[in-house]
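Visitor: Before we begin, please take me through this model by saying, for each term you use, what earns it.

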Amino acid sequence: MRKFTILQPENKSFNYKMFDTYFILGLEHIANLKGYDHIIFLITLCAVYKISEWKPLLILVTAFTIGHSLTLALATLDYLNVNSTLIEILIPVTILISAIINIIYPTQRKLMPAKYLLALFFGLIHGLGFSNYLSMLLSEENSLVLPLFGFNTGVEAGQILIVASLLLLSFVVLRITSIKLRDWIFLLSGAGIGTSIIMIIDRI
C-alpha cells in the first residue's frame, strides 16, 4: 500500500496553492460534460423537488456527499479496491433506479428516510468512480489529505451549482409554462431512464 503524509514534509503549513489546484480539479470533474453521468444522476435524484423543498433536498444531497466522500477517501488510500469496469456500469444503474422511483412515487415525502439511505448507498458507488480520476492525479504527490480535501470540496461546490441550477430551472418552467410538476418529473426521469440504459449497454 502506498504511503502518504498529511502535509508535504517541507511545508507544515496549510498549502493554499495545492488546495486551490485540487479544488478546481474537483469542480471541473463534476461539472465536466464529458463526465455527464454524475450530472444526470444529480438531476434525476433531485427531479421531484421544488425550490420550496430545499431543506429535505439538502439532507438528501448531504447523504450522497457522505457516501461518496467515504469511498473516495478509502479507495484513494488503497483500503478499498473495486473493479473500475463494474463501477462504470453501476453508476448508470443508480440513475436508472432513481428515475424509476421518481416515476412510481413522484411524491416522496413518505419515502424520505429510505431515500436518504439510498442516496448514501449511491454515494458510495459514485465515490469509487471519482477515485479512479483522483488516483491518477495523486500519482506524483507525497501528501494525500490536503489534495483529497480540496478535490472533495470542489466536487461539492459543483454539486451545489448543479442542484441550484436545476431548482431554478424547475421554478421557471413551472411558473411560465402550463407544465405540471408531475409531468416535469416524468420528463426528467424519462430522460434519465433512456440515458442510463444507453450507458449501461455501452459499458457492458
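Guide: A residue is called buried when its relative accessible area is under 20%, exposed when that area is over 50%, and partly exposed in between. By that rule aspartate 78, at 43% relative accessibility, counts as partly exposed, because its value falls between the two cut-offs. The model is a predicted one, and aspartate 78 is found in it in the loop between H3 and H4.

Visitor: What makes the phi of aspartate 78 worth a remark?

Guide: Most residues other than glycine have a negative phi. The phi of aspartate 78, in contrast, is near 70°, a positive value in a residue other than glycine.

Visitor: How many helices and how many strands are there in the protein chain?

Guide: The protein chain has seven helices and zero strands, and from the N terminus on its elements therefore read α-α-α-α-α-α-α.

Visitor: Why is the protein chain called as compact as a globular protein of its length?

Guide: The radius of gyration of the protein chain is 18 Å, and the globule rule gives 17 Å for 204 residues; the two values are close, so the chain is described as being as compact as a globular protein of that length. Along its principal axes, the C-alpha trace spans about 60 × 35 × 30 Å. Of the 204 residues, 45% count as buried, and the accessible surface comes to about 11,000 Å², with 69% of it belonging to carbon and sulfur atoms.

Visitor: What share of the contacts between residues at least 6 apart in sequence joins residues at least 24 apart?

Guide: In the protein chain that share is 85%.

Visitor: How do you know that helix H2 is mostly covered?

Guide: Helix H2 comprises residues 36–46, and nine of its 11 residues are buried, which is the ground for calling the helix mostly covered. The buried residues are Asp37, His38, Ile39, Ile40, Phe41, Leu42, Thr44, Leu45 and Cys46. Their cover includes helix H1 (16–31), helix H3 (54–76), helix H4 (84–104), helix H5 (112–137), helix H6 (145–176) and helix H7 (181–203).

Visitor: How many aromatic pairs does the count come to?

Guide: The count comes to five aromatic pairs. One of them is formed by phenylalanine 19 and phenylalanine 149, with 5.4 Å centre to centre and 35° between the planes. This pair links distant parts of the chain, since phenylalanine 19 lies in helix H1 and phenylalanine 149 in helix H6, 130 residues apart.

Visitor: Why is the pair of phenylalanine 19 and phenylalanine 149 called tilted?

Guide: Planes under 30 degrees apart count as stacked and planes over 60 as edge-to-face, so the 35° of this pair belongs to neither class and the pair is tilted. The two rings also differ in cover: phenylalanine 19, at 15% relative accessibility, counts as buried, whereas phenylalanine 149, at 46%, counts as partly exposed.

Visitor: What makes the pair of phenylalanine 41 and phenylalanine 122 edge-to-face?

Guide: The angle between the planes of phenylalanine 41 and phenylalanine 122 is 80°, which is over 60 and therefore edge-to-face, and their centres, at 5.9 Å, lie within the 6.5 Å that a pair requires. This pair likewise links distant parts of the chain, with phenylalanine 41 in helix H2 and phenylalanine 122 in helix H5, 81 residues apart. Phenylalanine 41, at 0% relative accessibility, counts as buried, and phenylalanine 122, at 2%, counts as buried too. Phe41 and Phe122 belong with Phe64 and Phe121 to one aromatic cluster.

Visitor: Why is isoleucine 185 called buried?

Guide: Isoleucine 185 has 1% relative accessibility, which is under 20%, and so it counts as buried. Isoleucine 185 lies in helix H7, and its C-alpha atom is separated by 5.7 Å from that of alanine 47, 138 residues apart along the chain. Leaving aside neighbours within four places in sequence, isoleucine 185 is in contact with Ala47, Val48, Asn102 and Pro106.

Visitor: And what is phenylalanine 23 called, buried or partly exposed?

Guide: Phenylalanine 23, found in helix H1, has 24% relative accessibility, which is not under 20%, and so it counts as partly exposed. Beyond its neighbours within four places in sequence, phenylalanine 23 is in contact with Gly150, Phe151, Thr153, Gly154 and Ala157. The C-alpha atoms of phenylalanine 23 and asparagine 152, 129 residues apart along the chain, are separated by 7.2 Å.

Definitions and conventions: Residues numbered from 1 in each chain as written. Predicted model: local features only at pLDDT ≥ 70, side-chain atom pairs only at ≥ 80, totals over all residues. Heavy atoms only, no water. Helix = DSSP H or I, 4+ residues; strand = E, 2+ residues; numbered from the N terminus. Rg over C-alpha atoms; globule rule 2.2 N^0.38 Å. Buried < 20%, exposed > 50% of the residue type's maximum accessible area, 1.4 Å probe, protein only. Contact = heavy atoms within 4.5 Å. Areas by Shrake-Rupley, 256 points an atom, 1.4 Å probe, with all protein chains shown as cover. Phe/Tyr/Trp six-rings, centres within 6.5 Å; stacked < 30°, edge-to-face > 60°.
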